[in-house]
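Biologist: Could you walk me through this chain? I have not looked at it before.

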Amino acid sequence: MNTTQTETVHDRVAIAQETMTPSQMAAVGVFVASIAFALVFVQEPLIHDAMHNFRHAAGITCH
Ligand SMILES: [Zn+2]
């Protein structure tokens with residue numbers, strides 16, 4: 001167990017809760033969620049193309 005790391009994260013959360021208003025906390029949550037959504041939205045076609053190219057490289061035609 002690494003209790004030091006857990007305490008550090010807990011302290012950071014406590015500091016954030018003391019220095020940020022609930023609306024700021026919500027704004028950060030929305031911001032993080034939108035970034036995560038954007039990353040998935042951008043990367044999904046790239047992964048699709050990579051798999052598509054891999055199928056062609058393997059000699060499997062799909063169109
Ligand atoms: Zn194809």
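Modeller: What follows covers the overall form, then a helix, then a glycine.
Modeller: Please keep in mind that this is a predicted model, where local features need pLDDT of at least 70 and side-chain atom pairs count only at pLDDT 80 or more, while totals for chains, interfaces and linings use all residues. Residues are numbered from 1 along each chain as its sequence is written.

Biologist: OK, how many helices and strands are there?
Modeller: The chain has two helices and zero strands, taken as DSSP runs numbered from the N terminus, with H or I over at least four residues for helices and E over at least two for strands.

Biologist: And how much of the chain is buried?
Modeller: Of its 63 residues, 0% count as buried, a label that requires 20 or more other C-beta atoms within 10 Å of the residue's own, whereas 12 or fewer makes it exposed and anything in between partly exposed, with C-beta atoms placed from the backbone. The C-alpha trace spans about 60 × 35 × 10 Å along its principal axes.

Biologist: Switching to α2, where does it kink?
Modeller: Helix α2 covers residues 22-57, and a kink of about 25 degrees lies at Gln43, shortly before the proline Pro45; the bend is the angle between axes fitted to the seven residues ending there and the seven starting there.

Biologist: What comes after that helix, and what is its phi?
Modeller: α2 is followed by Gly59, which has a positive phi near 90 degrees.

Biologist: Why does Gly59 count as exposed?
Modeller: Gly59 counts as exposed because it has 6 C-beta neighbours inside 10 Å. Its C-alpha atom is separated by 50 Å from that of Ala26, 33 residues apart along the chain.

Definitions and conventions
Expected span 1.5 Å × (residues − 1).
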